[in-house]
Amino acid sequence: MASSSFIGSHLLYSSCNGKTHSSSFKKASFSIPSSYKLQNPSSFERGVRFSTIRATASDSKTGRKQVEVVYDLEDKFNKLADEVDKNSGISRLTLFSPCKINVFLRITGKREDGYHDLASLFHVISLGDKIKFSLSPSKSSDRLLTNVPGVPLDDRNLIIKALNLFRKKTGTDNYFSIQLDKKVPTGAGLGGGSSNAATALWAANQFSGFVATEKELQEWSGEIGSDIPFFFSHGAAYCTGRGEIVEDIPKPLPFNLPLVLIKPQEACSTAEVYKRLTLDRTSKVDPLTLLEKISRNGISQDVCINDLEPPAFEVLPSLKRLKQRLVALGRGQYDAVFMSGSGSTIIGVGSPDPPQFVYDDEEYKDVFLSGKPQITFV
């Protein structure tokens, strides 16, 4: 498992030959020849793992010590575990697929290819989906199931696109049965689909025996989505270009910083938001200045700039009202209130408690509401 990637660090369990395990030979019992005398037999017999065991072999007639053996169990077992894991292969894999927020999002220009250049601080949070992968006997198609109606199950889904991309790039022929337990709402600006795609690439690479490096996976992923490369970062990154240029940064925010996420039922069309974007209405603040302020002083309202808010509020006026009410009623409760991505999630940072009006007002009876997510890291 690749410890450097965010997704890799959230492996829940892998299963070889149908048996769940995290690492082979964590505990074992051993038979010691009667001619060996352990220096600490009681601890050993209780099954406590030793990094080193010393034993002596003696001549039973003369009582003279003949040899002392120093045996590094931990090193030996790690080598055995690596060999077993390498040879047995993976048959099932369950992974956590985290979502992200844009702490700030500056749009810095229009590109010749029709996309916009952006500069943004992406950060993962503890809200995420769980995806189960298992090898399929089929050599022609993947099978995707999910708990959420309306999610496409064919190659319109980024998971299937990612698996197709992996097979195209590597020449492998593994197909999968996938169960997606979706917790991240769609059309929320939280990158749930992009995270799922990155998770699928990481899983496919595990099943194929690491035929690609994580750097290759990250580079390939930009071909099917601008946000996907971020999810191969350490969890906090300064992203530029279309979002595919990812620079890991030291942890800019406190661990376990509480958040409130509120997403109306209505989604913002990303294409429509960008269609209404005009560069003369964007902020003129240097994004590197914002990054420096956050790294030095943490989150505050003045640094949480999202240039996509004005056009998103035109597409969905109720979203503007939601933010205004959250700011007004949350004074002193939230350090900052802002929209993530192109919407339609409004985030309050600094408290896990939603404002009372989302419970009392009929307008918000169907919102997605989560007061438990936190800033998290690898």
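**Gln301, Ser233 and a helix pair**

Modeller: Let's start with Gln301: a polar atom of its side chain lies 2.8 Å from the backbone nitrogen of Val337. Bear in mind that this is a predicted model, where local features need pLDDT of at least 70 and side-chain atom pairs count only at pLDDT 80 or more, while totals for chains, interfaces and linings use all residues. Residues are numbered from 1 along each chain as its sequence is written, and side-chain values use heavy atoms, with hydrogens and water left out.

Biologist: What makes the pair of Gln301 and Val337 a polar contact?

Modeller: A polar contact is a pair of N or O atoms within 3.5 Å; within protein, one must be able to donate a hydrogen and the other to accept it, and residues adjacent in sequence count only if both atoms are side-chain atoms. At 2.8 Å, the Gln301 pair with Val337 qualifies.

Biologist: Which residues does Gln301 touch, leaving out those up to four places away in sequence?

Modeller: Lys323, Asp335, Ala336 and Val337, where contact means heavy atoms within 4.5 Å. Gln301 itself sits in the loop between α7 (287-297) and α8 (309-315); helices (H or I, at least four residues) and strands (E, at least two) are DSSP runs, numbered from the N terminus.

Biologist: Is Gln301 buried, exposed or partly exposed, and how do you know?

Modeller: Buried means under 20% relative accessible area, exposed over 50%, and partly exposed in between (1.4 Å probe, protein chains only). Gln301 has 33%, so it is partly exposed.

Biologist: And why is Ser233 called buried?

Modeller: Because its relative accessibility is 1%, which is under the 20% limit. Ser233 is in the loop between α5 (214-221) and β10 (236-240). Its side chain reaches the backbone oxygen of Phe230 at 2.7 Å, and a polar atom of that side chain is 3.1 Å from the backbone nitrogen of Gly235.

Biologist: How much of the whole protein is buried?

Modeller: Buried residues make up 48% of the 378 residues. The protein has ten helices and 15 strands.

Biologist: What puts α3 and α4 in contact, by class of residue?

Modeller: Nine nonpolar, four polar and no charged residues. Ala, Val, Leu, Ile, Met, Phe, Trp, Tyr, Cys and Pro count as nonpolar, Asp, Glu, Lys and Arg as charged, and the others, Gly among them, as polar. That's why Phe166 of α3 goes down as nonpolar, and Gly193 of α4 as polar.
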